[in-house]
Amino acid sequence: MGTSLERGIQGFIEQVDRPTASFFESCVRCGMCAHACLFYTETGDPKYTPIYKLEPLRRVWEREYTLFGRIKKWLGLSKPVTEAELKEWEPLVYDSCTLCGRCSLMCPVGNDIVYMVRRAREGMVAAGVAPDGLKQAATRAVKIGSPMGVQLPALKTQIAKAEKETGLAIPFDKEGAEYLMVLSSAEIIEFSEIIPAAARIFHAAGVSWTFSSDAFEATNSGIQIGSSDIATELVSRIVRAAERLKVKYVISPECGHAYTALRWEGPNLIGRPYPFKVIHIVELLDELRAAGRLKTEGMEDEKLTFHDPCQLVRRGGVVEPPRNVLKMVASNFVEMEDPGTLNWCCGGGGGVSSNERADELRLKVFSRKKTQLDQLGVRTLVTACSNCRDMLEDGLEHHRMDIKVVGLTEMVAEHLKQ
Amino acid sequence: MTGVELLNWARGPGLQIALVVFIVGVAIRFIEMWLLGKSPDFAEARGSAAAGGWRTLFTRSLPMPGALKRAPLVFLGGYVFHIGFFITFLFYAPHILFLRAVTGFSWPALPAYLIDVIGLVSIAALVAVLVHRLTDPVRRFLSRTGDYVAWAATFLPLLTGYFAYHRLVTDYTTMLALHVLSFELLLVLIPLTKLMHTFTFAVSRWYNGAIAGRKGVKV
C-alpha cells in the first residue's frame, strides 16, 4: 500500500461527518440523481450518476464507521479502496462534476450529494489523484497569486486603462474604504470591462471602495480541487487584506466559486467569523438600486435571457438580485426553462474549466444549455460569473450559435444615468 | 413442525428476537451516525437552518419540477408501493390488533376489501419497480445484492398477506405463520440494509434543507 493511498483513505475518513453518514445511510439507489445531472442527461451513460461518483467515499464510510462494515472488514468480506480505483474514479469526481448541486435538489431521501463530492475531493487530493490542469492552476494560485498566472502589474495596467477611459481615479490600498473589491483572473485578462464598469457605477452611487495590491484575486482553486489547505491559504490573503484596510465589506466579483469560497466556505476554513461582510457585486447593485442610489436610463429592447451561475443561486442564495437589476435595463427579459435554483450548469464549474482533459465532455454536455437557449431564440445571454461567461462563449462557438454573452455589471454601467 | 407450531414460534420467540434485533440494530446505526458530529458553521447565515431543515423534510416528498417527466416510473412506482405498504400495514384490522398488543395504541381500521385492493396494487407496483431496476440502465448499473434483498423483504409480507387473506397456495395457518415470519425478516433487515432509510431519510432531508436554508436557498 503506497503512502499516498493511505493519505487518501485518511482524507476520506476525516471527511465523513454526521450529514455524510446520514446521506449514505439513506441512499436507496433509486438513480433519480442521474436525471438531475447534465453529464447523465446529455450522454445517457449511467456511470455519470452522481451518487456513483461517491463510491470510494461510501466504501470508506461503511468500512470505518458502521458496525456491520467493520465486522465485514474484520472477516475479510469487504475490499479496501485501491489506488487503481481512485484513479478510475478521478474523471468521475472531477471531469464530470461541476459541483453544480442540481443532484442535491433531486434526491427523494434528501441527500446533499454535492456536499459529499466536495468532501470526496479532499481525499482524492490527499492521495495525489486529481487532474493535472487543476493541480497546475492550484499551484499557480498559491505561488503566483492567480490560477491563470496573473500578477499585480497586469491589474495595474488594466486599472490605468480604466482610469483613462472613465476619467475617474480608481482607489488602491485605501485604508478605511467601505468596500474592498476583488476580481477573478478572467476579469483581469479577458473581461476587463468590469473594472471601468465598477468604477463608473461606484462613482455614480457614491460607494467608498478600494482595490488591494496584496489581495486582488478572488477565485479559489483550493475549493475546486478540494484542498482545504490551499483554499485556506487563498482565502486568508483576502481576509488579511480586508482586516488591514479595515473595510466593512468585501465585494465578491462576477465569479461563482469565488463567492462560495469567500462567502460560505471562507469563515469555516479560517475557523472563525469574519470581522467584515461578503457581498456579491450583483447583490450590491441590487442594494444600491433599492436605496435609490443606482440610477439608470434607457433599456436594452431586444429579447435576452439570464444564465444563473450555480454557485450564486443553488449554492449561494442569490436568486432575485440579478433579476431585479436586469429588469432595470432590459425591457424584454425572458426566463430560460428551469430558472433560478433549478438552473443547468454551463458545464465548466467546479474546476472543470481548468481541466483540459474534460474539454470534450464539457462541450458535449453543453447541449443542455443549447436546448434551453434554442427554446427561447435569444441573441443575447446575460450572466454574472466570468467563468460561466468564458464557458458559455466556448460552448456557443463550438455549437455554432450566434449569441452574445454579456456581464450584468457591464450592462448596468452602459445604462448609468449621466 | 406443523403450521400451528410454526405460527406459535413466529408469534412468540420469533417476534421477540426480531424486535430486539430491530430496536438494537436501529439504535446502533443512529448512534454511530450521531457520534460523527458536525463542524460549526462560522459563515454569517442569510436564512434559518432550522426552517430550511423542517421545510425540506416535508417538501422533498414531492418531486423536483421536471423530475416526474424524466423518470415517471421511479416516482409513480415509489409512491404507490410506499403508500400502499403503509396503508395495508397500519389500517388492516388484524394488524391493528397486533400493533395494539405490542404498543398499546389502536385506531380505526379500513374495510378488508379495500385493504385487499390496495395490497394487490402495491404488489403490482413492487413488481414494476423490480422490473425497472433489472432493465433500466441506470437502476441496473447502481443495484447491488442488498437492493434485491431489501426488495424481497418488502415484497414478501405483502405477498404472503395476500395469499393468507385469499387462502391461496397452502393452508391458512401455515401461510399466516409465513406472513408473520416475513414481517419479522423485514424488521431484522431494516438496520442491516438500505431499508434503514425508513428512519434516516428524515435526518438527511433535514441536513440538506438546513445547509441550504442557512444560505437562504429553498431546496
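**Chain B overall, and helix α10 of chain A**

Modeller: Surface first: chain B has about 11,200 Å² accessible, and 74% of that belongs to carbon and sulfur atoms. Areas are Shrake-Rupley with a 1.4 Å probe; for residues, only the protein chains shown count as cover. This is a predicted model: local features need pLDDT of at least 70, side-chain atom pairs count only at pLDDT 80 or more, and totals for chains, interfaces and linings use all residues. Residues are numbered from 1 along each chain as its sequence is written, chains are lettered from A, and side-chain values use heavy atoms, leaving out hydrogens and water.

Colleague: What share of chain B is buried?

Modeller: 44% of its 219 residues. Buried means under 20% relative accessible area, exposed over 50%, partly exposed in between (1.4 Å probe, protein chains only).

Colleague: How many helices and strands in chain B?

Modeller: 10 helices and 0 strands. These are DSSP runs, numbered from the N terminus: helices are H or I, at least four residues; strands are E, at least two.

Colleague: Switching to chain A. Which residues of α10(A) are buried?

Modeller: A:Leu155, A:Gln158, A:Ile159, A:Ala162 and A:Thr166. They line one face, because they fall within an arc of 100° seen down the helix axis. The arc uses directions from the axis to the C-beta atoms.

Colleague: Why would that spacing work?

Modeller: An α-helix has 3.6 residues a turn, so residues three or four places apart point the same way.

Colleague: What do the buried ones pack against?

Modeller: α11 (185-189) and α12 (194-205) of chain A. Contact means heavy atoms within 4.5 Å.

Colleague: And which exposed residues sit on the face turned away?

Modeller: A:Pro153, A:Thr157, A:Lys161 and A:Lys164.
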